[in-house]
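Visitor: I would like a close look at one part of this model, with whatever surrounds it. Please take me through it step by step.

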Amino acid sequence: MNDRQRLLDRAREIIGMEAEAVSGLLSVIDDSFLKAIELMLHCRGRIITTGMGKAGLIGRKVAATLASTGTPSFFVHPGEAIHGDLGMITPDDVVMAFSHRGQTEEVLRIFPYLKHFQTPLIAVTSNAESELAKASDVALILQVEREACSLNLAPTSSTTAMLALGDTLAIVLLDARGFGPQDYALRHPGGSLGRKLLVKVSDLMHTGDENPIIHSSKPLSEAIVVMTSSKMAATSVVDDQGKLVGFFSDGDLRRHLGRGVNDLNACMEGLMTKGPKVARPEMMAVAALEILEKFKIISLPVVDEEDRPVGMIHLHDITRAGIVI
């Protein structure tokens, strides 16, 4: 067997060992898992994750996943905890400690504090006989007998199992809380989903002097001036009550000129597009984008409940905000 084949075989063996560690988690989905979910679901404070080394890195990631899916959480380093950061943990919190062997000294040293304040402890470990497991209110025991590391030293299979279990807890809690896309977007305003679900037309529309409006009785020459001065290349057309009755864009102008209509005194009432597509201020910007793309137009008048144009939104306003369908 050549070196190349040995490397490929070893890689497959490692993936198999880590997959086995994850599949072994099915044995953890029992009454202990339900008790852990109940503790976390009814926690009046935060879920505090902790752990040393690689297990601590998993604890950080689990805390971040919990926080982003509706369960307030943060990581406390056990080494820092025993030098003052224990003050971050309150009786209303629930602590979740990660340790493969369950004998990590720094983690064990925070137990008296937790016991004093009766702060619940969830253990995530592979050792059911460990001090961590015995001191906990709930022990989630991983079925990991050996690391994927050939020396059985570097945390590999154990941390993979911890991460998968942490994700499972977070998503089960998400479902139990009825946490939906809008809730997720509120915690991710910088992401594409956040922009889709949080940015409204009112956040992007042009108002005031940047919102071109002209009366239906005015001539084409005035409409061109209004469109040019606002830099919107379009104008809303209103009646005597200030209600929207039409829309006129530079595309309409080109079409009229192409048909030989070049009378600058022509009345807007006969040139405007009647019954135009509109947006409303409270509409999500992504919904306005759908209208623009569906009807192959580049701007929309924004009207209030009385059909008065209160703004205008352009395709570029939406795409510049990073909103895509």
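Guide: Contact here means heavy atoms within 4.5 Å, and helices (H or I, at least four residues) and strands (E, at least two) are DSSP runs numbered from the N terminus. The model is predicted, with pLDDT of at least 70 needed for local features and 80 or more for side-chain atom pairs, while totals for chains, interfaces and linings use all residues. Numbering starts from 1 along each chain as its sequence is written, and side-chain values use heavy atoms, without hydrogens or water.

Let us settle on the open sheet. Its 5 strands follow the order β2-β1-β3-β4-β5, with parallel pairing; two strands pair if DSSP finds at least two bridges between them. At the edges are β2 (73-75) and β5 (138-141), each of which pairs on one side only. On average, neighbouring strands are turned by 20 degrees against each other, direction ignored. Axes are lines fitted to C-alpha atoms, for helices over the stretch in contact, and angles run from 0 to 180 degrees between N-to-C directions.

Now follow the sheet to its β5 edge. Strand β4 (residues 121-125) runs parallel to β5 and is joined to it by 4 bridges. In one of these strands you will find Ala123, whose bridge partner in β5 is Ala139. That partner belongs to the uncovered face of β5, together with Ile141, whereas Val138 and Leu140 make up the covered face.

What lies across the sheet? Helix α2 (residues 31-41) crosses β1 (47-51), β3 (94-98), β4 and β5, and runs at about 130 degrees to β5.

Leu140 also leads us into the packing. Together with Met96 and Leu165, Leu140 has the most contacts inside the largest nonpolar core, which has 28 residues. Such a core is a set of buried Ala, Val, Leu, Ile, Met, Phe, Trp, Tyr and Cys residues joined through side-chain atoms within 4.5 Å. Two or more residues come from each of α2, α3 (53-68), β3, β4, β5 and α8 (157-177). Helix α8 gives the largest share, 6 residues. Leaving aside residues up to four places away in sequence, Met96 touches Met40, Ile47, Ile48, Thr49, Thr50, Val62, Leu66, Ile122, Val124 and Leu169. Apart from this core lies another, of 16 residues, including Val199, Ala285, Ile313 and Ile323.

Thr125 deserves a pause. This residue lies in strand β4 and is buried, at a relative accessible area of 0% (buried means under 20%, exposed over 50% and partly exposed in between, with a 1.4 Å probe and protein chains only). Its side chain reaches the backbone oxygen of His100 at 2.9 Å. For scale, a polar contact is a pair of N or O atoms within 3.5 Å; within protein one must be able to donate a hydrogen and the other to accept it, and residues adjacent in sequence count only if both atoms are side-chain atoms. Beyond four places in sequence, the residues Thr125 touches are Ser99, His100, Arg101, Gly102, Ser130, Leu132, Ala133, Leu140, Ile141 and Leu142. That list ties Thr125 back to Leu140 and Ile141, which belong to the covered and uncovered faces of β5, respectively.

Before β4 in the numbering comes helix α6 (residues 111-117), where Tyr113 and Phe117 are 4 residues apart and therefore separated by about one helical turn. They form a tilted aromatic pair, at 4.8 Å centre to centre and 50 degrees between the planes. Rings of Phe, Tyr and Trp (its six-membered ring) pair if their centres lie within 6.5 Å; planes under 30 degrees apart are stacked, over 60 edge-to-face, the rest tilted. The structure holds 1 aromatic pair, and Phe117 is partly exposed at 35% relative accessible area.

Finally, a look beyond the sheet, returning to the second core. Ala285, one of its residues, is also among the buried residues of helix α15 (residues 285-294), with Val286, Ala288, Leu289, Ile291 and Leu292. Just after α15, Lys296 takes a positive phi of about 55 degrees. In strand β11 (residues 309-314) you will find Met312, which counts as buried at 0% relative accessibility. Asp307, in the loop between β10 (299-303) and β11, has a positive phi of about 65 degrees although it is not a glycine; Asp307 is partly exposed, at 35% relative accessible area.
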